[in-house]
Each structure stands twice: as structure tokens, then as C-alpha cells.
Amino acid sequence: MTTLGTRARVHETSDRGAGSVEYLGVVIVVVLVVAGVIAAARVSDVGTTLAERVTCAVRSIGTQAGDCGGEDVPTYYGGDAPAAGDEDPAPPVAGTDEDAAPGPDRGEAPAAPTADAGGTGGGPDFANASDTRPAADQERVDEALDDVRDALDGGFWGVRAGDLDDARDAIAQLNGREIDALVAEMSDDELERWVDQMEDGWVFGGWSREERRELWEILAGNASKETLDRLAAFTGELQPSFSTIGGDDARDKKDSPANAGVYGEVPHDLVVQGVDPDDIAQGSIGNCWWMASLGAVAHADPSVIEGAITSNANGSYTVRLYDDGVPVYVTVTPEMVLVDGKPSLARSPQYLLSDNQTTGYELWPMVMEKALALHYGDYEKTEGGTADVGLEILTGVPSTNHAPGDLSIEDLAGIIQGGGAVGLSSMAQGQGKDLPTYGQQAGADRLIRGHAYYVSAVDTQKGTVTVVNPWGTAMYPPITMTIEDFDASFRQVRVNEVHP
Amino acid sequence: MAVALTVGALAMGCTTTEEEPVPDDAVQLRANIPTDVAGLIVVAANVEEDSAVLNVGDGTSPASVLDVAVGETVEALGVSFTLVATELGGDDRPDLPDAAVWVVVDED
């Protein structure tokens, strides 16, 4: 039944019909003009920046991505996030032994980067690459390359997110040597355009940081050093930047990692005689909270860290972190930030490596540090933090924070003996000046203000707690103090059960 | 340079002891950040307006923990360190020790 009011609205709509057609015509004309201007600008170098800004802005409206190549908070890389309660998915590692084919003899010159059918392909590898990546199939490479080039052609509407998905899918079906061969056949201009389209694409195109990270994970976990080096020239998302470590004026200090650091590979084993909290030593970066978290978890259960790192056949490492309890897989190459040829950020003692000939470094603390930097976006973003967050990132288990004194010595002992991890925040700058634990009388056992520590032992019989400075136990042995001094000396006690 | 540092410090609302020019060869140490200096690992900590604690080690044996006042020189592992200035404030990033010192290093 049509009411009066309804009829009135129908009438109004009908009256507006002619106006709507005119309006639609105007909109179409405006869209065509804008599209023409943008298309013209895109074909000229002069107009590229303007065109990118305009298209990015329009695209961000359409996709709600909210970024124009900027930084998003990472959530999950390498596929759809698993639902809560799902089994831990397998990390996106490179080929397994079962599908492995013999690689080039390490004593020989590397094979040409283009692959013949059944050839090995690939270029120089990382030192620890196992060379067990399967051989390349040139036919598969050619098909994938056609798919990638089709996707990146884009046509009149440019490269859209779906096209980028197609390019990623083409890459995802290749093995490492095939990826090497495909990238080798692409020109620098093609690679640069691909990255540009991912980071700042055409209307309704481009990818979020999470989507880009999915592709980088595939590449970092499978491709050779040569391929990754070439790609890294076009994106900062394969190797986390360290150029802003230390804040705005860090580049003025000639010896700072921000100024003098270079990525390089040092002789290493991932682990030497097991993961041990004594392997931890903070370097020239303000991430004591992360190093203390690593030490606390390594002390509570080394297998948590051992199980978090997977060695890939191409020599890279895939690290499982947690973001709000959800596993996040981050693949890093074994190249670390070096100053004068030595690791400058996380450090480790040097050891006789597994070949019984080479002296080198135990890499796992550096791998974990680099994985966090890549997860956060760059190294500088990891400066400043608290151990409760670090413990959650490592274990996926929520942490709880407690004021000193809220936990009895029996409580602390129960947490440590039960396999839990305890991080600590010392007094802030300007606080604790009168406390003996921060004074000259404490000697070598003096606590540091504005710093993170972790608990390594609790003795209820003696009434003492032992805490560790993440600067490294070789230079800073654990400090044992009474529970009364402990309660007076720390601002926060940060507890993570690790295995609740 | 001292004028620039002082102006910068005032602009950032921080305090500094830099009344005398900081020598060009002075090394800045951010509080609590292990820094490679003269083949050693040096960490400035518990920074005050006129003093700091220098932790000096070689990476393998327990570090020397040295109280030093501005203008004073201390020695560890064959290297002398003269504290020429301290700065409190200046880095507003959260959860970071907000201080720095400048030392002149003599490897004699």
C-alpha cells in the first residue's frame, strides 16, 4: 500500500531524476579530465611525483589502506592470520631435504644467474647457505615471468592490488633458484616499478605493509644473497634501516652505527653449545628491554628461542615472534650491522665454530634483534621499551606487571622455579639516588638507573634475589641482593609465565 | 660549538654542564648504551649534572666501574677518560635513559 508520504518521496525522486543524470554526466566528465591529467603526468618524469601523490591519495580513500608507502603496524606476514586457538602454523621456510637437489660446489664459481632447465641457477650465497635448494626449471621461470610482467603491465587502469596479488602468486610457486632466475631476467627498471607499485600504486592499487611483507618473506626465505642484494636496492623493507639509531643527531657522530655501520656477514654459527642467557650482550642501541627479555626467556626455557628460529636453505633465518599472541614470521638474512668489521648492535663472544677451524660469532641474539627491527620497521623503532612487551613478543603469553613488594620472595621463587621469566625496570633517571644499590658503596654491583634487568635466581633460604644486566655477564656478572634491597631498587617487576 | 650546544639544550628544555667548549675530539656517550671507544666497550650511566659513572670493559672480563666528576680524569685498562660535559634531557623518546656525557679519551 502506497501512503501519501511514500508517494511524495517517489515524486521527489522522480523530480530529481533529470538532475541526477546531469550530475552524473558532470561527474563522468570531471573523472575523465582528472584521469587524463594523471595519465599524462605519469608518462612524464616531471609529473611522476604529483601523479603518485594524487593516485595514492585517491587509492587510499578507495582501499582504506591509510598509507602512501608509509609505515603501518605489522600484524602478520606470510599468509592469513590463524584464528585464535589454531595450531602454530609451520613457518614459511625454504625447500626441505626431501625436495632438495645438489647445489653448486662451494669451491666453484657461482653459476650464472639465469637458469637452464635443470640447472642450479642462483648466484653467490650466504656463508651458511646449505645449497640444498632444488634446481630451477626454466619453463616454470618463463611462465612465472610472463605472469609477473602481465600483472605489472596494468593497462589503462594501472597496476591494481589484484595485479600485485597475481605477481606474488607467480613468485610463490617458484623455488629459490627459480626466483633467482626470474629476478635475474628482470631489468632494474622493472624491479623498481614493481616496488613502486607495491609501495605507492595506481588508483585502488598498492599494497599495505603487511601485504608487501608477505612477498618479502617469500623472497628472503628462498632467494640467494645476490637476488636479495639487488632487490634491497629498491626497498628498505628487506633489510631494516639502522640510519636513525640514536635519534636525530646520531649521524653527526662519526663512529656511531647510524653513521659508520654497514651490513655485512661475519663468520658465525646460529647457536654454539645451545642457547644460553650468557650469550646476551647489548650493543650500541637502546634496546635493553629486548635484550633483557631475551635473557629472561633463555634462562626460563632456552627451547623457546631455539624453536623460534628456523634455518633456511638459502642461509637466512625465519624467526617466530608474537603480535598480540598471534605468531608472526619474520625472515632475516645473516648480514648484521658492522662497524670496523665487528657486530655493532647485539654482540656475542667469539667461539671456535662447528667447522673446528674458524673463529666467529654466535648469531642467535643478533638474529632475534634484527627480526624485531624488521617487524617494527627499523632498528630505531626498537629503542625504548619495557620487558613485559618483550616477553610477550617472545612467548605469545601475556605478561603481568607488579610493584616491588607485591610479590613475596616465595612468589618470585615459584615463578622462576616454575619456568617463568621475570624482567625488571630499574629506577628512572633522577630516582634512587640515595639507595645503596645505586651508590658508590655498591662497587661493581651498582645498579644502573633507567635500565632493564632480569631475574636469574631466587634463594628463599638466604632471602636473596639475583639479577642480570643485559650488557653481558662476561663484563657484568649477576648481582645478588637481599629481597629488601630488591624491593627498594626496582620500579616494576614484569612477569611472564612462558608456559602457562 | 658550545654556544650551539647550549642554545640547543635550552631550546629542548634540558640541562647541561657545558660551560666550557666541548673539545672537538670529545666522544659523546649516550647513557646506558655500550659504545666502542679505543678498542674498549664504555658505558656511561647514572648521569648527573656534574658527574657520571663510567663502565669500562674489554668484553671478556669484569668491567671497571668508575665514578667521575666533570673535569676529572679516570683510567681503566690503559686508557684515560676525562669527563668534559654531561647533559640531562634532550631525548624525549619514551622508556630511554634521557642523558649523555662527553669524554676525551687518551690512549697513552
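**Note on two strand regions of chain A**

1. In β15(A), the residue that bridges to H402(A) is V493(A). The model under discussion is a predicted one. Strand β15 (residues 490-496) pairs with β10(A) in the antiparallel sense, over four bridges.

2. These two strands belong to an open sheet of six strands in chain A, ordered β10-β15-β11-β12-β13-β14, with antiparallel pairing. The edges are occupied by β10 (399-402) and β14 (479-482) of chain A; each has a single partner strand, so one side of each lacks a neighbour in the sheet. On average, neighbouring strands of this sheet are turned by 35° against each other, direction ignored.

3. Two helices of chain A may be considered with this sheet. Helix α13 (residues 387-395) packs on the sheet and touches β10, β11 (421-426) and β15, its direction making about 15° with that of β15(A). Helix α14 (residues 409-417) also packs on the sheet, touching β11, β12 (452-459), β13 (464-468) and β15; its direction makes about 100° with that of β12(A).

4. Is strand β4 (residues 317-323) of chain A enclosed or left open? Seven of its seven residues are buried, so β4(A) is largely enclosed by the rest of the structure. Y317(A), V319(A), L321(A) and D323(A) lie on one side, and T318(A), R320(A) and Y322(A) on the other.

5. Strand β4(A) pairs in the antiparallel sense with β3 (residues 309-311) of chain A over three bridges, and with β5 (residues 326-332) of chain A over seven bridges. S311(A) stands opposite Y317(A), while L321(A) has V328(A) as its bridge partner in β5(A).

6. The hairpin of β3(A) and β4(A) has five residues between the strands, and G315(A) there takes a positive phi near 95°. In the hairpin of β4(A) and β5(A), with two residues between the strands, D324(A) takes a positive phi near 55°.

Methods:
Residues numbered from 1 in each chain as written. Chains lettered and ligands numbered in written order. Predicted model: local features only at pLDDT ≥ 70, side-chain atom pairs only at ≥ 80, totals over all residues. Heavy atoms only, no water. Pairing = 2+ DSSP bridges. Axes fitted to C-alpha atoms, helices over the stretch in contact; angles between N-to-C directions. Contact = heavy atoms within 4.5 Å. Buried < 20%, exposed > 50% of the residue type's maximum accessible area, 1.4 Å probe, protein only.
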